[in-house]
Amino acid sequence: MMPDLGKYADAVLSSYAVSIVLIVALVALSIRRARKVKAYLAEIEERQKNV
Amino acid sequence: MSIWEYANPVKFIKTTDRLMPYMAVGAVVCLVSGLIWGFFFTPDDYRQGSTVKIIYLHVPAALMAINAWLMMLVASLVWIVRRHHVSALAARAAAPIGAVMTIIALATGAIWGQPMWGTWWVWDPRLTSFLILFLFYLGYMALWEAIENDDTAADLTSILCLVGSVFAVLSRYAVLFWNQGLHQGASLSLDKEEHVHDVYSNPLYVCIAGFILLFIALVFLRTQTEIRARRARALIARERLA
């Protein structure tokens, strides 16, 4: 299944590894911060509603 | 209906909430299929061997790195001219995405350059302008973080964005301006001599579509986050005044 990358296997595989790790990290951090900020805002709005 | 309706944060969040899932699913489908197609089902190049497979990451990432800055430029101009907060926050939201795309383009370029050019780095016009673009991304994000007042930060970062646009354009056209250096010209071109063969360009188009959709989905998500963070700061400030 894995194509024969020959003598350039390290270069090709490391390119894919670096890029995929960076993209996944960017997506994961964006989602994490979105959830955190949403919950924080909801908490503030709730608190101010009760004042 | 006017486009300026989306300058309303509530309307923006409502609309992007509806669009985001389609963009995200489209991005995953295009990226997974494009990368699998390119990695497993394209032949080695007669000169570059299997390193040609790096094109499916390097070219879309470089394209997005430049176009993310151009999107930030448009959003910054909208802020300067019409003072819509959503546009300034959209520019802020796009910066980390553009910075990551620039790192991917620089890293994959260096990894590709080593076996092909015999060096990881060379002070070639395109590479150098790309590195400067990356430094502008870092400066832009640092400036947003450094200034407490959102409107002042938006004003100053917009000016920085205008200046940085010179390097965004240069990193695209540096090869043509100076006609020197190791980096080749455009991979995708209307000129058949320059255009890469269809066997490589077809999966490349799919990957580019995936990167564009991913960028849009992330800009929507991160702009929503910035809008909420700004509202939270405003509410906290009001709480302190009371």
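Here are some short exercises, each with a worked solution, on a predicted model with chains A and B.

**Exercise 1. Find out how far the predictor trusts this model, for chain B and for the complex.**

Step 1: Start with chain B. Its average pLDDT is 90, and 90% of the residues score at least 70.

Step 2: Now take the complex. The predictor gives an ipTM of 0.94 and a pTM of 0.92.

Step 3: Keep one caution in mind. Where pLDDT is low, predicted coordinates shouldn't be read in detail.

**Exercise 2. Work out which secondary structure elements chain B has, and in what order.**

Step 1: Count them up. You should get six helices and zero strands.

Step 2: Walk along the sequence, and the pattern reads α-α-α-α-α-α.

**Exercise 3. Decide whether the radius of gyration of chain B agrees with that of a compact globule.**

Step 1: Get the expected value. For 242 residues, a compact globule would come out near 18 Å.

Step 2: Compare. Chain B has 20 Å, so the two agree.

Step 3: Look at the dimensions too. The C-alpha trace of chain B spans about 70 × 35 × 30 Å along its principal axes.

Step 4: Check the inside. Of the 242 residues in chain B, 43% are buried. Take the contacts between residues at least 6 apart in sequence: 77% of these join residues at least 24 apart.

**Exercise 4. Compare the UniProt transmembrane regions with the helices in the model.**

Step 1: Look up the records. The unreviewed UniProt entry for chain A puts a "transmembrane region" at residues 12-31. For chain B, the unreviewed entry lists several, including 21-42 and 93-115.

Step 2: Check chain A. Residues 12-31 are 100% helix, and the end C-alpha atoms lie 29 Å apart.

Step 3: Check two spans of chain B. Residues 21-42 are 91% helix with the end C-alpha atoms 30 Å apart, while residues 93-115 are 100% helix with the ends 36 Å apart.

**Exercise 5. Test the length of helix α4 of chain B against the expected span, then list its buried residues.**

Step 1: Helix α4 covers residues 125-146, which is 22 residues. At 1.5 Å a residue, you'd expect 32 Å.

Step 2: From first C-alpha to last, α4 of chain B reaches 31 Å, close to that expectation.

Step 3: Pick out the buried residues. Among them are B:Leu127, B:Phe130, B:Leu133, B:Phe134, B:Tyr137 and B:Trp144.

Step 4: Recall a handy rule. An α-helix has 3.6 residues a turn, so residues three or four places apart point the same way.

**Exercise 6. Describe B:Arg83: where does it sit, and is it buried, exposed or partly exposed?**

Step 1: Locate B:Arg83. It's in the loop between α2 (55-82) and α3 (85-117) of chain B.

Step 2: Count neighbours. B:Arg83 has 13 C-beta neighbours inside 10 Å, so it counts as partly exposed.

Step 3: Check the backbone. B:Arg83 isn't a glycine, yet its phi is positive, about 55°.

Step 4: Find B:Ala154. B:Arg83 and B:Ala154 are 71 residues apart in sequence, and their C-alpha atoms are 9.5 Å apart in space.

**Exercise 7. Describe where chain A meets chain B, then look at A:Met2.**

Step 1: Count the contacts. 23 residues of chain A are in contact with 30 residues of chain B.

Step 2: Sort the chain A side. You'll find 15 nonpolar, six polar and two charged residues.

Step 3: Go to A:Met2, in the segment before α1 (9-49) of chain A. A:Met2 counts as exposed because it has 8 C-beta neighbours inside 10 Å.

Step 4: Take one last distance. The C-alpha atoms of A:Met2 and A:Glu46 are separated by 54 Å.

Key:
Residues numbered from 1 in each chain as written. Chains lettered and ligands numbered in written order. Predicted model: local features only at pLDDT ≥ 70, side-chain atom pairs only at ≥ 80, totals over all residues. Helix = DSSP H or I, 4+ residues; strand = E, 2+ residues; numbered from the N terminus. Rg over C-alpha atoms; globule rule 2.2 N^0.38 Å. Buried ≥ 20, exposed ≤ 12 C-beta atoms within 10 Å, placed from the backbone. Contact = placed C-beta atoms within 7 Å. Nonpolar A, V, L, I, M, F, W, Y, C, P; charged D, E, K, R; others polar. pLDDT = per-residue confidence, 0-100. UniProt positions renumbered as here; feature names shortened; annotations may be inferred. Expected span 1.5 Å × (residues − 1).
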